[in-house]
Every structure is written in C-alpha cells, then in structure tokens.
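I am opening a fresh page for what I looked up in this structure, entry by entry. I want to begin with the cysteines and then go on to strands and rings.

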Amino acid sequence: MKVLVLVILSVLSFSVPCTTSDPILTADFLHCLTNHSHYSTSPISEAIYTDQNTSFQPALLAYIRNRRYSTPTTPKPLAIVAAKHESHVQSTVICAQQHGFQIRIRSGGHDFEGLSYVSSVTPFVMLDMSNLRSIDINVTDESAWVESGATLGELYFNIGNKSNVHGFPAGVCPTVGIGGHLSGGGYGPLMRKYGLTVDNVVDAKLVNANGTMLDRKSMGEDLFWAIRGGGASFGVVVSWKIKLVPVPTRVTVFNVLRTLEQGAIDTVHRWQYVAPKLPKEIFIRAMLQVKQNSTSGKLAMQVSFICHYLGDSEKLLSMMNRSFPELGLQQSDCFEMSWVESTVFWGNHPIRTPATVLLDRPMGPPDFFKGKSDYVKEPIPKHGIESILDLMIKPGLDKLYMEWNPYGGRMSEISESETPFPHREGNLFLIQYLGYWKEDKAETAHRYLDLISKMYQEMTPFVSKTPREAFLNYRDLDLGANTGNQTNVETARNYGSMYFKENFDRLVLVKTAVDPRNFFKNEQSIPPL
C-alpha cells in the first residue's frame, strides 16, 4: 500500500493555488483513500487529480458553468476525486471527514453560485460525480435508476430510445446534472401535469456522513423526504429511482415572439390570468428579454411565449384561440413531434435536430452569469410590467432575461409539506432573473450585477412577501450565507425560510439526526441544532 501511495505522490502535487495545506496531511489523505477503496477493477488512484498534474486543470474546468467562479483568485480544491465507483464516494466521505477537509459535490456544475466546486473554507476536496452516469430504464414497471452524474439530456435520450409513450418531468437544459437538479427540486414543461422532478422519485442510494450506503428503506422516510429538494446537506446521493410518466406519441410545441409594437405588454399581462388556469397538459413560459436587432444593432424588448402541449396541434390551437386569443396563435406556429424531440426543442436547438445532441457534454465555462428568483401570487398590473421592461432596456445591456413559468395544475394539488419544496398552491408563476455576459471586465460584471439587483428591487411590490420566496435550484447568495466553518442557525433561517418556508424547521431536525457534526455543509446548507 505504501508503494502505491508513493507512486501517486510521484505523479501528483498538492500545492494548490488559493489553498493552504500540509503536504504530510495531504499524503495521509491519499493513503486513507487507497486504504478505504478496494474496488480492483477501477482503483481510486485513477480517479484522483491534484494541482500540477496535467489533468487537474481540465478536470476542474470541465464542469464549471459560470465563469464568475473560474478566476485566478477563486479557491481551488486540494484534490478532485472523480469517482468511478460508489466505493470511491464512500472513501472520499470517510477520509475527508477524518482529515477535517470540507467536501464539495459536483454533478453537472450548474450551481448558480458555484457551491458545488468552490468553498470559502479551505482546504476542501471536490467529489466529482460526472463519471457515475449509468441509466437503467425499466419500461415494464415504468421506472429507471439514474446515477447522479448523468445529465438530463442523457436521461431523456435513453427514455426516448426505449419508449415513445414515456417521459420524465424535469428541466429544459440538457447538460444539467441529475444530482443537483433533484437535490433542489427540479421542474420543467411537464410540471403542471406531473409536478416537480422530485415528486416522481421513489427511491435513492445515499452515502451518509459515516460513509455508509443507504437506500430508502434503510435511511428512513425523514431522510428520504429531506433529500428530495432540501439540498446537499444530508449526504451524497449516488443514484435515484424515478417514476416514468405517460406521454402521447405526439406532442406540440411553439415559440411565438411578440415585440412591444405588437402588443407584448398587453399579451403578457393577459398571460398571467390564463397560463396558470389552462388544462394541465399545457405549459406556456413567457420569456421577457432584451435582444439586439441583427440588422440595425439596436436593442429592443421582446417577449417569447414558449409552449409544450401533451397532444396534437389541432386541439392546442382550438384551446388557445378560445382561452388566449390575445396571443394570435396560428397553425404555422405549431410543431408536432415526439416527447424526446420536444426536449431537443426546449434545449434551444433548431426543429429536427437529431436527438443525439442530448448526449453532448460541452466542456468548460462559456459565460459569466447571475440569477435570482421570485414567486408571484397576484397578477402584476400593466404599469408594473412597463416599469420593469423600461428598467431592463435603459442600461443598454443585451442577454438580460426574465422567465415567467406558470404554476397551477398538479402543482396546486400537492401539499407544501410533501417535500421540502414548499411553493405550491397559491402561486401563479415562478420568475427567474438571468443576466449573461462574456467580457472579462470588472466594469461589465458590475453593470450586470447592479441591473439584476435593481430588477429584483423593482419587483418587490409584486412578488411574495414574508418571506419573499425563492427557488433553491436558482441559488442566490444575496439571500444570506454562512461564510465560515460553522453554519449559524439564524443566518441559515434567513435563506432557509425563503427556499423552504415552514419546511426549514423539519430540515434542521433531520440534519441534526443524520449529520450532527455538520460534515455536509456549504454557504447555504441546512444547519444542525
């Protein structure tokens, strides 16, 4: 065993920028990993990356999706363990805990604030789940086991490859990792028909703070409840058993654009009264955005109405003309396709793009971005819509968005306490604020961050209150953060009440029972008592 560790040490170095570590302690950590992992087919030594090893930087950057957290001063992990077997996960948990290292758990790297791969407390170890991506579809009992490192696109492709009458209610971005998506709740165009992603999880395999592998039966219902939308504070979920849902052989989509000159304000105002009350099979997102005219180069406001309907275009057109004539939908706007093809459409690919595009895993952080979220319980008056659109267009920044996602349907039928995700009945829609930029300048970042903050402030009169609710998958450190090595309960209550409302207190009790020493923590984790 000592020879193996010496071989690893001869290849890898442990001097990591922005972290301080004791080389002897680091060597002991590696020794611990090899001692606790006995999976001979894929030894853990092949899964370890540290600084100055030529593969360290590519392994780190591969699944960073926000360039705000990929700078020279961003804290880097002491080591990356890109687990290839569940025993590697267990070993990493055991050894990181024994050596007092924080741990970060990354699946697809889409955490809005980079908490799956960055820690304000160093040294820390990153557990990369991207190699654990197996998907086992069982059409007979309409279920699937999916490892946390798989992407939504890979899941969709595999479902479509097995059946044309099954789907799964999850997000629209195909590169999002299963682990992070489900830990925060997850939603997508099937939400109004089938609820959240976590409403369709029936089992899971989790490594707890002791390094023990548990399933639903052995972990108990309290912990199983907590991991379905309560974040990554309770353990490492290695895989999830999901329930497939029935879909028709043909679904219909459209993306209808309206400018201010075409009455976008009136249409989006009316959308608030219509979209949450439409039949469950219809999901229409309203995307308010600043776009640059390709001919004139001038910026303009426009609203896209993006629809997913579980049925044919003829029925959809009839319902829309009856319930939402303000949109002016035409038959030529509608496209019929299979469910899996619709996931390609929602992934922003052109119609008729082959479904194999769902398997793509683009590497590295493409853009800088900042996101926030809100919930709306009463329709926003026209003057409110006008003021926010005016605020968005004035600074002259493009790639600025607000996505309005309708609730109602199945979402109103599920209790607030069914899972940690509490935003159910009484919500008309969820807002996501997003700003993207490519220019690596502090001035550019400040302009976007300042404008998004102003948009959020401008919306205060029109959104939920006491608490002002937020969606965990759209993580926002502006809501509060524990930046030290301790997780203060009152600080956590600030962001916890926004994400979880009354469910926060139950999450704290579960955390106290399963991880009393608070090993699994980050800047917005659930604290033990």
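**Cysteines**

I began with C334, which I find buried because its relative accessible area is 10%, and buried here means under 20%. I kept in mind from the start that this is a predicted model.

I then asked which cysteine sulfur is nearest to that of C334. The sulfur of C307 is the nearest one, 7.5 Å away, and C334 is in no disulfide; a disulfide needs the two sulfur atoms within 2.5 Å.

Next I wanted to know how many disulfides the structure holds. I found 1, formed by C32 and C95, whose sulfur atoms are 2.1 Å apart. I noted that C32 belongs to helix α2 (residues 23–36) and C95 to helix α4 (residues 86–98), so that the disulfide links distant parts of the chain, 63 residues apart.

I also looked up the handedness of this disulfide: the torsion about the S-S bond of C32 and C95 is about -85°, and therefore the disulfide is left-handed.

For the surroundings of the two partners, I wrote down that C32 is buried at a relative accessible area of 6%, and that C95 is buried as well, with a value of 0%. I added C173 to the page too, which counts as partly exposed because its relative accessibility is 29%, and partly exposed covers values between 20% and 50%.

**Strand β2**

I turned to strand β2 (residues 79–82) and asked which of its residues lie on each side. A79 and V81 are on one side, I80 and A82 are on the other, and all of them are buried, which leaves both faces of the strand covered. I reminded myself that in a regular strand the side chains alternate between the two faces of the sheet.

I then followed the neighbours of β2. Strand β1 (residues 48–50) runs antiparallel to β2 and is joined to it by 3 bridges, whereas strand β4 (residues 124–128) runs parallel to β2 and is joined to it by 4 bridges. I noticed that A79 appears in both pairings, as the bridge partner of T50 and also as that of V125 in β4.

**Aromatic rings**

I searched the whole structure for aromatic pairs and found 22. One of them is F112 with F369, whose ring centres are 5.2 Å apart and whose planes meet at 85°, so I recorded the pair as edge-to-face. I located F112 in the loop between β3 (102–106) and β4, and F369 in strand β16 (residues 368–376), so this pair too links distant parts of the chain, 257 residues apart. I looked up whether each ring is buried or exposed: F112 is buried at 11% relative accessible area, and F369 is buried at 7%.

I also noted F345 and W346, an edge-to-face pair with 5.9 Å from centre to centre and 85° between the planes. F345 counts as buried at 13% relative accessibility, and W346 is buried with a relative accessible area of 7%.

Going back to F112 and F369, I found them in one aromatic cluster together with Y187, Y401, F421, Y436, F471 and Y474.

**Charges over rings**

My last entries concern two lysines. I saw that the charged end of K372 sits over the ring of Y456, at 4.3 Å from its centre, and that K205 lies over the face of W145, 5.1 Å from the ring centre.

Methods: Residues are numbered from 1 along each chain as its sequence is written. This is a predicted model: local features need pLDDT of at least 70, side-chain atom pairs count only at pLDDT 80 or more; totals for chains, interfaces and linings use all residues. Side-chain values use heavy atoms; hydrogens and water are left out. Helices (H or I, at least four residues) and strands (E, at least two) are DSSP runs, numbered from the N terminus. Buried means under 20% relative accessible area, exposed over 50%, partly exposed in between (1.4 Å probe, protein chains only). Two strands pair if DSSP finds at least two bridges between them. Rings of Phe, Tyr and Trp (its six-membered ring) pair if their centres lie within 6.5 Å; planes under 30 degrees apart count as stacked, over 60 as edge-to-face and the rest as tilted. A charge sits over a ring if NZ of Lys or CZ of Arg is within 6 Å of the ring centre and within 35 degrees of the ring normal.
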